[in-house]
Amino acid sequence: MVDHLLGIQGLSKSDLYRYLDTAHSFVEVSERDIKKVPTLRGKTIVNVFFEPSTRTLSSFDIAGKRLSADTINVSIGASSVKKGETLIDTVRTLESMNPDVIVMRHSESGAPHFAAKHLARTSVVNAGDGAHEHPTQALLDLLTLKQYFATKKRGIEGLKIGFVGDVRHSRVARSSVWAHLTLGNEVRLIGPKTLVPEDFARGAFGTDTIKVYSDLAEGLKDLDVVVSLRMQLERQEEHFVPNLDEYSKEYCISERILARQAPGCVVLHPGPMNRGTEISGEVADGPRSLIRNQVTNGVAVRMAVLYLLARTVGAPEEVSHG
Amino acid sequence: MTAKYKPVPREWQLVMDEETISRAISRMSFEILEKDRDIKNLAIVGIRTGGEYLGKRLQQEIQRIEGTEVSYGVIDITLYRDDLSSSQSQPTLRGTDLPFRIAGSRIVLVDDVLFTGRTIRSALDAIIDFGRPRRVELAVLCDRGYRELPIQADYVGKVIPCQRSQLVRVRLSEMGYRDGAYLIEREER
C-alpha cells in the first residue's frame with residue numbers, strides 16, 4: 001500500500017504522534033557533523049512546485065538530501081499552466097521518471113489529491129494546495145509546541161490556541177485547526193468578519209466547538225498559543241480589509257496586548273512575517289516567540305514525512321534481520 | 001520484596017536463566033578489561049532496543065570492577081537498515097545518543113542476539129557517521145549462528161545451538177520480565 005500525506009484532516013491522533021515522534025529523532029540527525037543518513041539511498045524524490053516557494057521547497061530539498069535520496073526540483077510557472085489538462089500531463093510525465101515520492105505545491109485546492117489518484121507507485125506529499133491544506137507546516141508547528149511544552153512538563157493536549165488574521169485564505173491555519181481539533185484542544189479564530197466570517201468554522205470544519213472573535217483582546221484572553229497569520233498584501237486590493245494600517249491598528253499582535261490578555265502564551269508564525277502589520281517586531285523577536293524553532297523543525301518534520309512514506313513504496317519483501 | 005514479573009509464553013524454552021545471564025555479563029566485563037587495560041577511551045554502545053539494557057549492565061559492571069566512569073551511549077540503527085522497504089519492519093525511530101567523542105575511542109557494541117549479522121553491519125555504518133573510532137568490538141549475550149555477513153563477536157555470553165527457523169529472544173527485568181533467554185519455535189506471523 002502506497003501512503004500519501006495529502007492533509008491533516010482525517011489523520012488520527014496516533015497518526016499525528018507517529019509523525020511527531022519520528023520527527024523528534026530526526027532533529028538529532030540535523031545536529032550531527034555529518035548531517036546525512038543512508039536511509040533513502042536510491043529513492044527519487046521530485047519536488048514539483050506550481051507556485052513560487054523558497055522556504056518550503058528548500059526545506060523539502062534539504063530533508064530529502066539528508067536522507068540520501070536523489071531530489072529533483074521542478075518549478076512550473078503558474079501563469080503557464082492551464083488547469084486540469086496540463087496537470088494530468090505533468091503528472092504522467094513525472095510518473096515516467098518513476099519517482100518514489102512527489103512533493104507537490106499547487107495554487108488549486110485538491111491538485112495533490114488528483115495526482116495521488118493517478119499515480120500507482122508513487123507517494124504524494126501535499127506541500128500546500130490553494131487555501132486547502134499545508135500538512136507539513138501544521139506538523140512542524142505541533143513539533144515546535146511539543147518541544148516547548150515538554151520543558152513545562154506538559155503535552156500538547158488540553159491547550160487553548162488562537163489563530164489571528166486571514167484564516168479564510170490560510171491553508172496553514174486550516175491544517176493546524178484540524179490537528180488541534182483531533183488533539184481535543186480549544187480552537188479560536190480571531191480576525192475581521194471579512195476574513196473570519198462567523199459561520200466559517202461550521203462551514204470549513206463542520207463543528208460548533210470553534211469560537212470566532214472579531215475583537216482581538218477578547219479572543220486572546222488566556223490563550224496558551226497564539227498563531228499569527230501572514231496578512232497578504234493582495235487582500236487589500238481584493239477589499240477584504242480597508243487598508244493595512246487600519247488592519248494592524250486592530251489586529252497587530254503586540255507585547256502590550258499579550259502581556260495583558262495572555263501573559264503565559266507563546267507565539268507562532270508560519271512566515272514570512274510582515275513586521276508591524278500582523279505581528280510587532282518586539283513579539284517576533286521576544287522570549288515568547290517560537291518562530292525560529294519552527295524553521296529549524298521544518299527539515300526534521302519533512303525528513304520524518306519522507307521517511308515514513310518512502311518506506312511504503314516499492315515491493316515489500318520479507319528480509320531476515322538479526 | 002517479591003517483584004511481579006510479566007510472564008512469557010509457556011512454550012518458550014529457557015536457555016539462559018537469571019544466574020547464567022548475570023555470570024555471563026560479569027565474565028564479559030572481565031574479558032573486555034583483560035583485552036585492553038586502558039579504559040580511558042572505552043565506550044560501551046548498546047544497540048536499540050535489545051542491546052541498550054545489556055550495554056548499560058556491562059558498563060555498570062565494568063565501572064564497579066574498575067571504580068571509574070566508563071562512557072555509555074545508545075544507537076538506533078533503523079535509518080541504516082537494508083530492509084527498509086519491508087513493511088514488517090518497525091517504523092518507530094527512538095534516536096541515537098552518543099554523548100562522548102567517537103574519534104579515537106575504543107567502542108564495544110552490545111546486542112542481545114547475534115544472528116545474520118545485518119544489525120551489526122548497520123550499527124557499524126551508524127557509528128562511523130559520527131567519527132573514526134580506534135577500534136570497534138562486539139559483545140552479544142547470545143550467538144545463535146546462521147550469519148549472512150562476515151561478522152563475529154569478540155565477547156559471547158552463550159552460544160545457542162538451534163535451527164535456522166527458530167527464534168531466540170532475550171527478556172530482561174528492565175522490560176518487566178525475569179531475566180532470561182529463550183528458544184522459540186517460529187511464531188505465526
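Two exercises with worked solutions on a predicted model follow.

Residues are numbered from 1 along each chain as written, with chains lettered from A and ligands numbered from 1 in written order. Local features need pLDDT of at least 70 and side-chain atom pairs count only at pLDDT 80 or more, while totals for chains, interfaces and linings use all residues.

**Exercise 1.** Find how domain 1 and domain 2 of chain A are bounded and which elements of domain 1 touch domain 2.

Solution.
1. The assignment (automatic or from a database) gives 13–132 + 298–310 as domain 1 and 136–295 as domain 2 of chain A.
2. Over C-alpha atoms, the centres of these domains are 26 Å apart.
3. Domain 1 puts 17 residues into the contact and domain 2 puts in 16 (contact: C-beta atoms, placed from the backbone, within 7 Å).
4. On the domain 1 side, helix H1 (13–29), strand S4 (123–129) and H13 each give two or more residues (DSSP runs numbered from the N terminus: helices H or I, at least four residues; strands E, at least two).

**Exercise 2.** Locate the largest nonpolar core relative to the two domains of chain A.

Solution.
1. A nonpolar core joins buried Ala, Val, Leu, Ile, Met, Phe, Trp, Tyr and Cys residues through C-beta atoms within 7 Å; buried means 20 or more other C-beta atoms within 10 Å of the residue's own, these atoms being placed from the backbone.
2. The largest such core has 135 residues, and A:Met303, A:Leu306, B:Val45 and B:Ala139 have the most contacts inside it.
3. Helix H13 (residues 291–310) of chain A gives the most, 10 residues.
4. Both domains of chain A contribute residues, so the core lies between them.

How values were computed. A residue is buried if 20 or more other C-beta atoms lie within 10 Å of its own, exposed if 12 or fewer, and partly exposed in between; C-beta atoms are placed from the backbone. Two residues are in contact if their C-beta atoms, placed from the backbone, lie within 7 Å.
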